[in-house]
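Let's take a walk through this model together, starting from the sheet and working outwards to the helices. Keep the 3D view open and turn it as you read.

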Amino acid sequence: MEPDIYYMRKALQLAEKAALVGEVPVGALLLLADGRTFAEHNAPISQHDASAHAEMRVIRNACQASNNYRLTGSTLYVTLEPCTMCAGAIVHARVARVVYGAAEPKTGAVESLYQLLSDQRLNHQAEVVSGLLAEESSALLKQFFKARRAKKQKQS
């Protein structure tokens with residue numbers, strides 16, 4: 001479990017960076033089978049791109065660097081449970097393992113609303129570890145949205 005905690009802490013640092021630039025604080029780190037790592041944070045607001053979730057960005061970068069759309073043997077660390085879009089990309093990229101922090105009861109597609117990564121009808125299933133450093137991940141999100149609401153109230 002020790003390497004998982006190490007990489008999840010790195011993902012949390014990315015989430016903090018996202019919050020500092022006004023993005024929803026989600027960070028993702030992808031560890032390839034060969035040991036290379038790729039790291040990204042959420043950027044839909046700054047990039048004006050609904051698909052610029054941390055998971056999508058890190059998967060794109062790893063695929064391009066690997067010259068392969070398959071990331072077999074890789075592990076994705078992400079601070080928030082992936083949505084349907086990101087879970088779909090995880091399946092298509094053949095990510096072997098997903099480790100995430102906070103559950104996402106409204107849009108989570110790994111365990112909360114849907115279980116896409118374990119759905120036997122799909123051509124790939126990923127091993128899932130959920131709840132790793134969930135309290136830290138959740139606290140960061142709560143703090144971000146609390147500050148955002150307070151800022152909106154001041155502007156009113």
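At the start of our tour is an open sheet of five strands with mixed pairing, in the order 2-1-3-4-5. Strands and helices here are DSSP runs numbered from the N terminus, with at least two residues (E) for a strand and at least four (H or I) for a helix. Two strands count as paired if DSSP finds at least two bridges between them. Strand 2 (37–41) and strand 5 (127–130) each have a single partner strand and stand at the edges, so one side of each has no neighbour in the sheet. On average, neighbouring strands of this sheet are turned by 15° against each other, direction ignored. For such angles, axes are lines fitted to C-alpha atoms (for helices, over the stretch in contact), and the angles run from 0 to 180 degrees between N-to-C directions.

A word on the ground rules: this is a predicted model, in which local features need pLDDT of at least 70 and side-chain atom pairs count only at pLDDT 80 or more, while totals for chains, interfaces and linings use all residues. Residues are numbered from 1 along each chain as its sequence is written, and side-chain values use heavy atoms, with hydrogens and water left out.

Now step through the sheet strand by strand. Strand 1 and strand 3 are antiparallel and share four bridges; here Leu30 has Leu76 in strand 3 as its bridge partner. Strand 3 and strand 4 run parallel, joined by five bridges. Along this pairing, Tyr77 stands opposite Val99 in strand 4, and Val78 has Tyr100 as its bridge partner. Strand 4 (residues 97–102) is in turn joined to strand 5 by four bridges, again in parallel, with Val98 opposite Val128.

How many residues of strand 3 are buried? Six of its six residues are, where buried means under 20% relative accessible area, exposed means over 50%, and partly exposed lies in between (1.4 Å probe, protein chains only). In strand 4, six of the six residues are buried too, so the rest of the structure largely encloses this strand.

Next, look at what lies against the sheet. Helix 3 (residues 54–66) lies across strand 1 (27–31), strand 2 and strand 3 (75–80), and runs at about 150° to strand 2. Asn61 lies in this helix and is partly exposed, with a relative accessible area of 29%. Not counting residues up to four places away in sequence, Asn61 touches Phe38 and Glu40, contact meaning heavy atoms within 4.5 Å. Asn61 and Phe38 are 23 residues apart in sequence, and their C-alpha atoms are 7.1 Å apart in space.

Helix 4 has as its buried residues Cys86, Ala87, Ala89, Ile90, Val91 and Ala93. Their cover includes helix 3, strand 3 and strand 4. Just after helix 4 comes Arg94, which takes a positive phi of about 65°.

These elements meet again in the largest nonpolar core, which has 31 residues; Leu30, Ile59, Leu71, Leu76, Val95 and Leu117 touch the most other members. A nonpolar core is a set of buried Ala, Val, Leu, Ile, Met, Phe, Trp, Tyr and Cys residues joined through side-chain atoms within 4.5 Å. Strand 1, helix 3, strand 3, helix 4 (84–93) and strand 4 each give two or more residues to this core. Ile59 touches Leu71, Ala89, Ile90 and Ala93, leaving out residues up to four places away in sequence. Apart from this core lies another, of 13 residues, including Leu12, Ala15, Tyr77 and Val129.

Our last stop is helix 5 (residues 134–155). Its 22 residues should span 32 Å at 1.5 Å a residue, and its end C-alpha atoms are indeed 32 Å apart; the expected span is 1.5 Å times one less than the number of residues. Which residues of helix 5 are buried? They are Ser137, Leu140, Leu141 and Phe144. Seen down the helix axis, these fall within an arc of 95°, so they line one face of helix 5; the arc is that of the directions from the axis to the C-beta atoms. The cover over them includes helix 1 (2–20), strand 3 and strand 4. On the other side of helix 5, the exposed residues are Glu135, Lys142, Gln143, Lys146, Arg149, Gln153 and Lys154. Leu141 is buried, with a relative accessible area of 12%, and is in contact with Val24, Pro25, Val26 and Leu80, its neighbours within four places in sequence left aside.
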